Amino acid sequence: MKWRQGMLILLAVLLMLPALNGWGNARASAASVISIYLDGQRIRGDVDPYMVADTTLVPMRLISENLGAQINWSQSEKVVKINQGGTLLSIPYGSKTAFVNGNSVELQAPVSIVKGRIMVPLRFIGQGLGLDVNWNQASQTITLTTPEGPIGVPIPGTADQGGNLTALRGAWVATVSSLDWPASKNAAVQRTQFSAMLDQLQETGINAVFVQVRPSADALYKSKLVPWSSVLTGTQGKDPGYDPLPFMIEEAHKRGMEFHAWFNPFRASTGSSTTGLASNHIAKAHPEWIVNFDGKLYINPGIPAARQSVINEIMEVVNNYDIDGVHLDDYFYPYGESSSKKFGDDATFKQYNTTASTNKGDWRRGNINSFIQSLGKSIDAVKPGVSYGVSPFGVWRNASADPLGSNTRASVTAYDTTYADARTWIKNEWIDYVVPQIYWSNASTAVNYKTLVDWWADTVRGTNVDLYIGEAAYKVGTSEAGWSSPSELTDHLAYTIGRANVDGNIFFRAQHILAGRVKSTLQAYWTN
């Protein structure tokens, strides 16, 4: 397998390095409080693990029963031999030298016997068999992750036994107004309830979460640039006493889920008043960048310094946290503008229209294009492995307005309403993935689900941009045509799974996935 290539070389190098930070001390310590998780499932042996010389020793049976390796103990030679996937680990009892396919490697602690059980060094075994091994000092937890990911929840993009790539099964987790985030302002309760939600999503079959970390120009992470979100304590700017983001990332990764940090780019506040906003909130620090429109505060995308400020704030997360992706929603220019209700950027248009365009729409699209391209370059410059994606409105343009558009009759389009020209982003490969919000059913005639899936699949064809379909779990059980039953969602999956140029589905949102019949329907579909 590809994940084993170079493993022997890497293993030898890793074992020459100091043990993971915080892994005990030279004195052996009882470890009844240490928890070990393999792909999100807690594993236990009949003897407690313990630590000595910065190394965790675990019962050998734990390896054979949970990792599927072949284990042999030679009483005459007093050697443990572990064989899996063509890799042979030999560990002599009492020795600090082990062997990987015959090559010697120094250990930090020897094999021992406790209560008649052979105790082997977990980190050496785990890494020797290709596992990712992580230690959390605060929770006294060891997390093991296999390349194949958790049982029953395949990692997105990995090949199954038939060589087919696993589709991404995503869930949007909205934190604004505590929609999916715990309502409690107690940190311990927040952690417990968030973990429980991930357990349920994992049980359903979800393998990626898109968590809203910047709901309203504020943060669910420790930031030097923006205030703490009010959903954490009830008061914007108040320190919650912990950093939720590394906790959420670790909990997702523990379950084999990808973690994408979801940002609202240009929403400043869900209300029109600055009362209650922290002193360093952008609406107070830069009121000249703010437009009050339809009862909400927006950051003006037409101001170059304002756009760069948002990029800087997103890059703070990219630089400081182990996220798998940066995810933007459709908060660019706002929905709802009309001839009688205008987004107030006339002065900005006059000041920053450097191309002397007579069409404000083209200028607005240019602002968003510049933002999308610049952010992508910034991410690639520091962490090219972080995926970068955007979720625009599901209809780019109607064919009646543009022959390149879809055969739809939508009253709102991304290109003309939010000035999001996603087709240009795709064709120029400024983004790594796109998630159009295709929130219509197969029964819809004006805007049909299958018609839009086909259009977006054709649009990404020939590019390196992945396509995930945004799904409206929140509509199940409503009176809208086609949405009376959760089978509408499984019909969507049947149409998209295995389809050329479609790489998965993301459902809006977590609580709607876990409510009513949706959870059981999706779980049954993915299980079968």
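**Exercise 1. Find which residues touch the most other members of the largest nonpolar core, and follow the contacts of I323.**

Solution. Begin with the terms: a nonpolar core is a set of buried Ala, Val, Leu, Ile, Met, Phe, Trp, Tyr and Cys residues joined through side-chain atoms within 4.5 Å, and buried means under 20% relative accessible area, with exposed over 50% and partly exposed in between (1.4 Å probe, protein chains only). The largest such core holds 119 residues, and those that touch the most other members are L201, F259, I323, I372, W425 and W456. Next, take I323, which, leaving aside its neighbours within four places in sequence, is in contact (heavy atoms within 4.5 Å) with I249, F259, A261, V317, V318 and V386. Apart from this core lies another, of 28 residues, including L38 and V133.

The model is predicted, so local features need pLDDT of at least 70 and side-chain atom pairs count only at pLDDT 80 or more, while totals for chains, interfaces and linings use all residues. Residues are numbered from 1 along each chain as its sequence is written, and side-chain values use heavy atoms, with hydrogens and water left out.

**Exercise 2. Explain why helix α6 is described as largely enclosed, and describe its ends.**

Solution. Helices (H or I, at least four residues) and strands (E, at least two) are DSSP runs, numbered from the N terminus. In α6, residues 244-254, 8 of the 11 residues are buried, so the helix is largely enclosed by the rest of the structure; among the buried ones are F247, I249 and E251. At the N-terminal end, D243 acts as a cap, with a side-chain oxygen 3.2 Å from the backbone nitrogen of L245. After the helix comes G256, whose phi is positive, near 75°.

**Exercise 3. Test whether the length of helix α8 agrees with its number of residues.**

Solution. The expected span is 1.5 Å times one less than the number of residues. For the 17 residues of α8 (304-320) this should give 24 Å, and the end C-alpha atoms are 24 Å apart, which agrees.

**Exercise 4. State the order of the strands in the barrel, and examine the pairing of β15 with β25.**

Solution. Two strands pair if DSSP finds at least two bridges between them. In the order β15-β16-β17-β21-β22-β23-β24-β25, 8 strands close into a barrel with parallel pairing. Strand β15 (residues 168-173) pairs with β25 (residues 504-508) in the parallel sense over 5 bridges, and the bridge partner of A171 in β25 is F507. By contrast, β19 (residues 290-293) and β20 (residues 296-299) pair in the antiparallel sense over 4 bridges.

Notes:
A polar contact is a pair of N or O atoms within 3.5 Å; within protein, one must be able to donate a hydrogen and the other to accept it, and residues adjacent in sequence count only if both atoms are side-chain atoms.
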